[in-house]
Amino acid sequence: MVTEAEVWEALAEVPDPEIPVISVVDLGVVRDVRVEKERVHVEFTPTFLGCPALEAMRAQMAERIARLGAEPEVEVVLDDSWSTDRITPEGREKLREAGFAPPTPRGEGPTLVQLQSNGFRCPYCGSRDTALENIFGPTPCRSLRYCRDCKQPFEQFKTI
């Protein structure tokens with residue numbers, strides 16, 4: 001019989017389909033894991049309701065649980081919205097190393113970060129001299145920024 005810890009460990013190996021440098025666990029979309037004999041029930045909340053990767057995430061999690069020898073039951077929970085506050089500290093560091101600027105968790109940084117011109121740190125050189133290049137990034141939860149010091153563009157997670 002599989003344990004809850006083994007399931008969490010297995011899910012931590014499932015990459016986010018859109019940003020594979022971070023797992024679904026580090027992204028904070030996995031809400032709960034329950035093991036009942038041979039059945040494993042996982043609850044997860046997508047980053048936003050229209051997330052195009054929803055079915056891919058569900059299938060990857062179910063496949064990983066099945067490889068453990070358990071019967072997967074992956075439920076999408078839509079009654080509690082995801083927030084960027086759910087990204088783990090390890091996940092934030094993985095995003096930063098990959099060139100993304102994750103938002104500061106609420107309560108840890110300045111308030112109304114998106115209204116401040118120097119609220120985002122460049123993941124390449126650390127400069128706060130960055131500019132919003134395009135509010136519309138590759139997905140609704142991200143936008144594009146530009147570092148005025150090292151001249152690198154980078155993606156920024158919007159605070160949700």
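How many salt bridges does the structure hold? The structure holds eleven, a salt bridge being a side-chain nitrogen of Lys or Arg within 4 Å of a carboxyl oxygen of Asp or Glu. This is a predicted model, in which local features need pLDDT of at least 70 and side-chain atom pairs count only at pLDDT 80 or more, while totals for chains, interfaces and linings use all residues. Residues are numbered from 1 along each chain as its sequence is written, and side-chain values use heavy atoms, with hydrogens and water left out.

Side chains of opposite charge can pair when their charged atoms come close. One such pair is E43 and R34, whose closest N and O atoms lie 3.4 Å apart. Both residues belong to a network of salt bridges that links D32, R34, E36 and E43. R34 has 32% relative accessibility and is therefore partly exposed; buried means under 20% relative accessible area, exposed over 50%, and partly exposed in between (1.4 Å probe, protein chains only).

A salt bridge also joins E71 to R39, at 2.8 Å from N to O. This pair links distant parts of the chain, 32 residues apart: E71 lies in strand β3 (residues 71-76) and R39 in strand β2 (residues 39-44). Helices (H or I, at least four residues) and strands (E, at least two) are DSSP runs, numbered from the N terminus. E71 is partly exposed at 44% relative accessibility, and R39 is partly exposed at 32%.

The side chains of R148 and D129 form a further salt bridge, at 3.1 Å from N to O. Here too distant parts of the chain are linked, 19 residues apart: R148 is in the loop between β6 (142-147) and β7 (153-157), and D129 is in the loop between β4 (100-101) and β5 (130-134). R148 is partly exposed, with a relative accessible area of 41%, and D129 is partly exposed, with 32%.
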